[in-house]
Amino acid sequence: MLCASLPGLSHQQMLVGGAVKELSAAMSSLNVYSRCGFDGRVGCWIGNEKGRWNKLAAASTMAPKKRRLSISPLASSALAETPYTSRAEFYDEVGIIISCDMPSLFNVFMLLKSPDLVLNDAREKFTQEISFQSKDKDISLAKALLYVASEDEAFMAFNREMDAHSLQIERRSASLASHATDWTCVEAMPLAGKNMNEWMIELDVIAREVEAELVSREIGCDLVEVLDAVNMVLFKSRGFKRSPVLVDSKCAYLHSVLSSGYCSAILLSVIYIEVCRRLNLTIVGSRVGEDFLIWPQTGNPEELFKVISGHSLFGIVNGKCVDDPRAKASDINSNSLPGLELATNRDIIGIALANLMRLHWKRASRANHGLMLTSPLRSVDHADDKSSKTNCLNVPLLRPQDLRLAIMASERLLILQPHNWALRRDHGMMLYYSREYEEAVQELSICMAFAPEEEAEVLEPFVEKLHLLRVESSWKSQGKKGHLTVS
């Protein structure tokens, strides 16, 4: 940091001034919402070969189908406006920070730098891992999902540290230990006590345990025996259990699952696939109804459905859903199995991300029973009077951290599925709930270009009113009085 001696300005004042400038840069580049109240903006990422991301790339790469519906001037003008005049409105916070002593100021500065580096590094490496320039078979499911966990953990760690620093500011006498570490890359960040490489090694260890089980039995490479050994290690030795309903975030992140053994069905499938891949056994899978089923590639599927001691191998691998008459998975047999459409590695990652997005949305909206992402759309569509039209844009209060984690999951999903209009609509609606009106207008306007005509007609009045709400919000932020009438 450059320091100069100027008349009337002490060295400490210059040092604080320089730190605040660097602090502002760090806050501006931090693409998250914090509990400190600065306006970090996170848009959806659509990849290109140079590693840069463009919100409007999806609109330019696929021409929309012709339809009679025309987007209104208010909605279409949102796409023509230049967004993001500033990424962080932090000046209200600077007065608080300056009032602290010097160690607190630099602690906050270093705290902001480290998560920013990890967040960006995790997102970039996740994007590289699932890049469409790579062959699907070369994608590592474990590595991609550990990047997801690292990014989310860095964000949550940042919030925890900011809470601790806020408490220290409020209680000047309190001395709280800071756990902030200056991580320079995502691989260095610990996840439940281990870094990324150590969690990858954990999968290698499980595979070696399966090999040891086979050696102890003096059994060769018979498919049924290998699967039985994998089941023995995973379900008996390691104690992995499927969670029937995904309500705990620990069941949704790969490192937590490897640590606790309690997991969602999709992550157990990922572990099964990764372990068998290390044993040179190819496991494939398919989405059947609400379930994801896996099985080994074999020319003799009958042996998977042979019942031994009350269970078939197919049933042991996939759990109770194959015996539940209410589930579509119960209809699968040796004849229908070869006809299922196989999921790609990108599809499997997408399923895990979709589960993560739904989990965090449910947690974010827990206090608003029955609230759906699309609830405001239906309210506008069926509004009969001026009062109900205005009230439909009253944004309910949601849990900010879980809402941000849901948005981060949908951003990653949009990297995988940039032309999925329903996903882009949901992403835009979460931005609306997060009160990021400008970004919400932009995403929903892009969605209208891809959505079926009847869905676009539902979106159009909401986007128009949201555009007016954004203009009014900007009007008030400039200190102007009055309001725009939403009608």
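**Close-up 1. Helix 16, end to end.** Helix 16 covers residues 421-433, and its 13 residues reach 18 Å from the first C-alpha to the last, close to the 18 Å expected at 1.5 Å a residue. Keep in mind that this is a predicted model. The helix is mostly covered, with 11 of its 13 residues buried. Among those buried residues are Arg-424, Arg-425, Asp-426 and His-427, along with Gly-428, Met-429 and Met-430. At the start of helix 16, look for Asn-420: one of its side-chain oxygens comes to within 3.2 Å of the backbone nitrogen of Ala-422. Past the other end, helix 16 is followed by Arg-435, which has a positive phi, near 65°.

**Close-up 2. Tyr-432 and its ring partners.** A pair of aromatic rings is described by the distance of the centres and the angle of the planes. Searching the whole structure turns up five aromatic pairs. In one of them, Tyr-432 and Tyr-433 have ring centres 5.2 Å apart and planes at 55°, so this pair is tilted. Tyr-432 also pairs with Tyr-437: here the centres are 6.4 Å apart and the planes meet at 45°, so this pair counts as tilted too. Are these tyrosines buried or exposed? Tyr-432 is buried at a relative accessible area of 0%, and Tyr-433 is buried at 2%. Tyr-437 is buried as well. Pull back a little and ring pairs link Trp-361, Tyr-432, Tyr-433, Tyr-437 and Phe-462 into a cluster.

**Close-up 3. Helix 17, picking up at Tyr-437.** Helix 17 runs over residues 437-450, and its end C-alpha atoms are 20 Å apart, which agrees with the 20 Å its 14 residues should span at 1.5 Å a residue. Of those 14 residues, 12 are buried, so the rest of the structure largely encloses the helix. The buried set includes Tyr-437, the residue whose ring pairs with Tyr-432. Also in the buried set are Glu-439, Gln-442 and Glu-443, together with Val-441, Leu-444, Ile-446, Cys-447, Met-448 and Phe-450. For anyone tracing side chains along this view: an α-helix has 3.6 residues a turn, so residues three or four places apart point the same way.

**Close-up 4. Arg-412 between two acids.** Side chains of opposite charge can pair when their charged atoms come close. The whole structure contains 20 salt bridges by this search. One of them joins Arg-412 to Glu-151, with the closest N and O atoms 3.2 Å apart. This pair links distant parts of the chain: Arg-412 sits in helix 15 (residues 400-416) and Glu-151 in helix 6 (residues 141-170), 261 residues apart. Arg-412 forms a salt bridge with Asp-152 as well, at 2.6 Å from N to O. Arg-412 is in helix 15 and Asp-152 in helix 6, so this pair ties together parts that are 260 residues apart in sequence. How buried are the partners? Arg-412 counts as buried at 0% relative accessibility, and so does Asp-152, at 0%. Glu-151 is buried with a relative accessible area of 5%.

**Close-up 5. The wider salt-bridge network, plus Arg-160.** Shared salt-bridge partners join Arg-123, Glu-151, Asp-152, Glu-411 and Arg-412 into one network. Have a look at Glu-153 too, whose side chain meets that of Arg-160 in a salt bridge, 2.6 Å from N to O. Is Arg-160 buried, partly exposed or exposed? Its relative accessible area is 46%, so Arg-160 is partly exposed.

**Close-up 6. Lys-194 over Trp-199.** What sits over the ring of Trp-199? The charged end of Lys-194 does, 4.8 Å from the ring centre.

**Close-up 7. Val-118 and Thr-184.** Val-118 has its place in helix 5 (residues 102-129). Val-118 is buried, with a relative accessible area of 0%. Its C-alpha is 6.8 Å from that of Thr-184, though the two residues are 66 apart in sequence.

**Close-up 8. Two cysteines.** How many disulfides does the structure hold? Zero. Cys-185 is partly exposed, with a relative accessible area of 25%. Cys-321, on the other hand, counts as buried at 14% relative accessibility. The cut-off for buried is under 20%.

Key: Residues are numbered from 1 along each chain as its sequence is written. This is a predicted model: local features need pLDDT of at least 70, side-chain atom pairs count only at pLDDT 80 or more; totals for chains, interfaces and linings use all residues. Side-chain values use heavy atoms; hydrogens and water are left out. Rings of Phe, Tyr and Trp (its six-membered ring) pair if their centres lie within 6.5 Å; planes under 30 degrees apart count as stacked, over 60 as edge-to-face and the rest as tilted. Buried means under 20% relative accessible area, exposed over 50%, partly exposed in between (1.4 Å probe, protein chains only). A charge sits over a ring if NZ of Lys or CZ of Arg is within 6 Å of the ring centre and within 35 degrees of the ring normal. A salt bridge is a side-chain nitrogen of Lys or Arg within 4 Å of a carboxyl oxygen of Asp or Glu. Helices (H or I, at least four residues) and strands (E, at least two) are DSSP runs, numbered from the N terminus. A disulfide is a pair of cysteine sulfur atoms within 2.5 Å. The expected span of a helix is 1.5 Å times one less than its number of residues. A polar contact is a pair of N or O atoms within 3.5 Å; within protein, one must be able to donate a hydrogen and the other to accept it, and residues adjacent in sequence count only if both atoms are side-chain atoms.
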